[in-house]
Amino acid sequence: MALPLLPGASRHTNIGKEKFHKSQHWGYCNNVAMLVGEDKPGIGGEPLPGQKLKPKYSVFPEGMGSVAPAWVAFDKQVLSFDAYFEEEVPDKNQELYRIRYCKIYFYLEDDTVQVIEPQVKNSGITQGTIVRRQRIPLPPPHEDQFYTIDHFNINIEVILYARRYKIIDCDQFTKNFLRKMGVRLNPPAGCPDDPYTKERQKMLDSMKPLRPYERIDTLKQFLEHNGHVLRFFCVWDDPESMFHDPRELVLHYYLSDDTIDIKEITPVNSGRDAVPLFLRRDKLPKYAPTGLYQPGTITSRTVLNVFGKLVGNRGRYILDNRKTGAVHQEFYRDSDLKIGAVINVWGRKIILCDCDEFTKEYYRTKYGIEDFTPVPYKAPPPPKPEKTFPPYTGFGSEEDSLCSCMGLLPKPPQKDFKKFMEKDRCGMESNVLRFLAKLVTDSPIDKDRKFIISYFLSDDTISVFEHIQRNTGIRGGKFLERGRIRKPGQELFKSEPSEYFKAQDLFVGARVCFHGHNFLLVDADEYTFNYMEKHANEFSVADIGVILKKLKDLAEPRSREIRQVFAATDPEHTKVIEYDPFRNLILSITDGAFSEHEIMTLRRCYGVRDEYEMDLHFLLAVAQEQLKKNSFENFEQLSAVLTYNDREKCGVLPHEMCRTICKSFKLPVADDDLQALLTMFEDDHKQVEYKKFVDGLNWRENRIPAFQTIKVPLKNEDDWSRQPPSLPVKGIKYLPLLDDLFGKEE
């Protein structure tokens, strides 16, 4: 019984309702007013009478499954089902219906379905894609919904566009995926046979062709040995040639089809025309030539006329399996070819003399042959006459004069371009070894002259400059033009090339003679010492391992005495002695067998360096000068990158990170100077204050006034051969040296 429509007795439907908006159902399409919101709900989002709203989520509610979208989570994941459908055939008496097999693919990323029918040979039906990939609606009365993964299983029927498909099975991936989804799989169904296809197969099996053919299968041999070629080196002694000279040939046996071709090796200036092939590629008969055969005599198959001419002019032919009357030809096979064998090449006797490594391995593997001794067929080549060159004439360089004797058209001598590119100046690497030298002479005027000898590693040239000294009466400057210098004591006009000074001939303590001037190398710069120690395999005087071994061989018999001598030199037991006593001890131990450079190498290895305070303004001025010369102005970008790497925004960065960023900007500052600058801007925690560092380098805004180059005063001239100013050393730690030589003392 309904309640009366009275106040307080009737139920208001809008009580508790908060949404009263109306959906826009009408609009314009191509300037025509029409209904555009058929699927939109009514007032407040409630469905209209008789309206079914589509679910927002197709299968699963919100919050289930992976957070990633479907096109990412299920990318390239496809469910594959085996199915078939029946098709009526009303226009044929041989078959009433046809069974057509197909594949149903369900794409998980977007719930699309695709149906493909595999191609069947000689079916006469257009096959391939039956349903293109798309979302397929369910059959009526649910046509407003689409197929999802829940609608697929084994041994069920699905209707796709009014065609009924029976799913009989699926692949393993599909089974595993459906089980993980909680789907209980049905057992696979049987696949019915197509009656017409079955009947036609019976007919094909019972039929025998009127002209049966033998199956000659050469595909397997081709697939196994395609590209495999046996190569033999042969010789043909042609008796009919005018000079009766042997002709060298190369025989190729192709394993893919048992064919042979032969090429001739035509020597230079032999007088013979060069032809592409001596024998074109084909099967080579063993007994040839045997005369000409009539056309049709040699065939791969033989047929017989059963009736002959008994039944008019009509004959019946069958294949002759016994090959009666067939002409059999024997061809050369790989088993007939071996080293030392003589083969018949259309009447020419050719001897197989040798083969390549692939051929040897083939015969070793297949036939077990181990003896591959070649047959000598070449006369030993005559000795090449020694080429003699005339002596050097004195005009031009020796290399240029030698090139004029190498051919009719003189060519300039080739330079070692690779060495030039490796050893040319590159950035801060000068690749120039500089030595301080003085003349070896009794003249009191020339004794005080100082020279700088520069050796250029890129082209092995040497230049000599004289140090300008005031009030000496000697002008100074360039003393010797840059060029290669021959070693003294060689004959000038000779056929053999002269020997020139190399980098290994120059070291501290060496005596060299440049065009009659004898020099004594007394010192070198820091770059030279570092380069020689870095390339110790090229410079034995800078190899600490070779020096210690040499010193150990000389001093090991007197190890106890040497320890006592070193201890006596250090009466205060500081474990450090001065360089002069150390040098005198090494010279006395080795009896002068050690050069000055080897003693300096020991000093650089075991010396104690002076600790000095670097002037920050001076170092910044040097860096700004280098940046200004190279026009470096990317200070804002450098500061931005350093700030970006400062994740904690604390204003400091690690030392190595700042160095790496500066290297990435190709900062034109030497690595040693860069390391020193970064060290000076470090705080108490060894972190670099990068803002101050960049402001100090900014020569545009924070220009440091011009500075005077600080010159380190040289020691007196007597100390040149002992302690150079390039490496200030307080003393030598002799105990580690003795331990390395004789082991630790018990």
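Guide: A salt bridge is a side-chain nitrogen of Lys or Arg within 4 Å of a carboxyl oxygen of Asp or Glu. The model is predicted: local features need pLDDT of at least 70, side-chain atom pairs count only at pLDDT 80 or more, and totals for chains, interfaces and linings use all residues. Residues are numbered from 1 along each chain as its sequence is written, while side-chain values use heavy atoms, leaving out hydrogens and water.

Visitor: How many salt bridges does a search of the whole structure find?

Guide: One of them joins Arg 164 to Glu 157. The search covers the whole structure, and its total is 39.

Visitor: How far apart are the closest N and O atoms of Arg 164 and Glu 157?

Guide: Both residues count as partly exposed (buried is under 20% relative accessible area, exposed over 50%, partly exposed in between, with a 1.4 Å probe and protein chains only). Arg 164 has 48%, and Glu 157 has 46%. Their closest N and O atoms are separated by 3.1 Å.

Visitor: Lys 378 and Glu 248 form a salt bridge. How many residues apart in sequence are the parts that the pair ties together?

Guide: The closest N and O atoms of this pair are 3.7 Å apart. Lys 378 lies in the loop between helix H5 (357–366) and helix H6 (398–403), and Glu 248 in strand E10 (residues 246–254), so the bridge ties together parts whose separation in residues is 130.

Visitor: Is Lys 378 buried or exposed?

Guide: Its partner, Glu 248, is partly exposed at 23%. Lys 378 has a relative accessible area of 52%, so Lys 378 is exposed.

Visitor: Which helix holds Arg 604, the partner of Glu 533?

Guide: Their closest N and O atoms are 2.6 Å apart. Glu 533 sits in helix H9 (residues 526–534), 71 residues away in sequence, and Arg 604 sits in helix H13.

Visitor: Is Arg 604 buried or exposed?

Guide: Glu 533 is partly exposed, at 29%. Arg 604 reaches 12% relative accessibility, so Arg 604 is buried.

Visitor: Which residues are linked with Glu 87 and Glu 95 in a network of salt bridges?

Guide: The network includes Glu 87 and Glu 95. The other members are Arg 98, Arg 100 and Glu 117.

Visitor: Which residues form a negative surface patch with Glu 143?

Guide: A patch takes residues with over 30% relative accessible area and no salt bridge, joining like charges within 9 Å and nonpolar side chains within 5 Å. Glu 143 is partly exposed at 46%, in the loop between strand E6 (128–134) and strand E7 (156–160). Its partners in the patch are Glu 38, Asp 39 and Asp 144.

Visitor: How far apart are the C-alpha atoms of Cys 403 and Pro 413?

Guide: Cys 403 is in helix H6. Beyond its neighbours within four places in sequence, Cys 403 is in contact (heavy atoms within 4.5 Å) with residues including Pro 410 and Pro 413. Cys 403 and Pro 413 are 10 residues apart along the chain, and their C-alpha atoms are separated by 6.3 Å.

Visitor: What is the C-alpha distance from Phe 665 to Gln 637?

Guide: Phe 665 lies in the loop between helix H16 (655–664) and helix H17 (671–680). Among its contacts are Phe 632, Gln 637 and Val 641. Phe 665 and Gln 637 are 28 residues apart in sequence, with a C-alpha distance of 9.1 Å.

Visitor: How many strands does the protein have?

Guide: Helices (H or I, at least four residues) and strands (E, at least two) are DSSP runs, numbered from the N terminus. The protein has 19 helices, and its number of strands is 27.

Technical notes:
Accessible areas come from the Shrake-Rupley method with a 1.4 Å probe; for residues, only the protein chains shown count as cover. Lys and Arg count as positive and Asp and Glu as negative; His and the chain ends are not counted. The place of a charge is taken as NZ of Lys, CZ of Arg, CG of Asp or CD of Glu.
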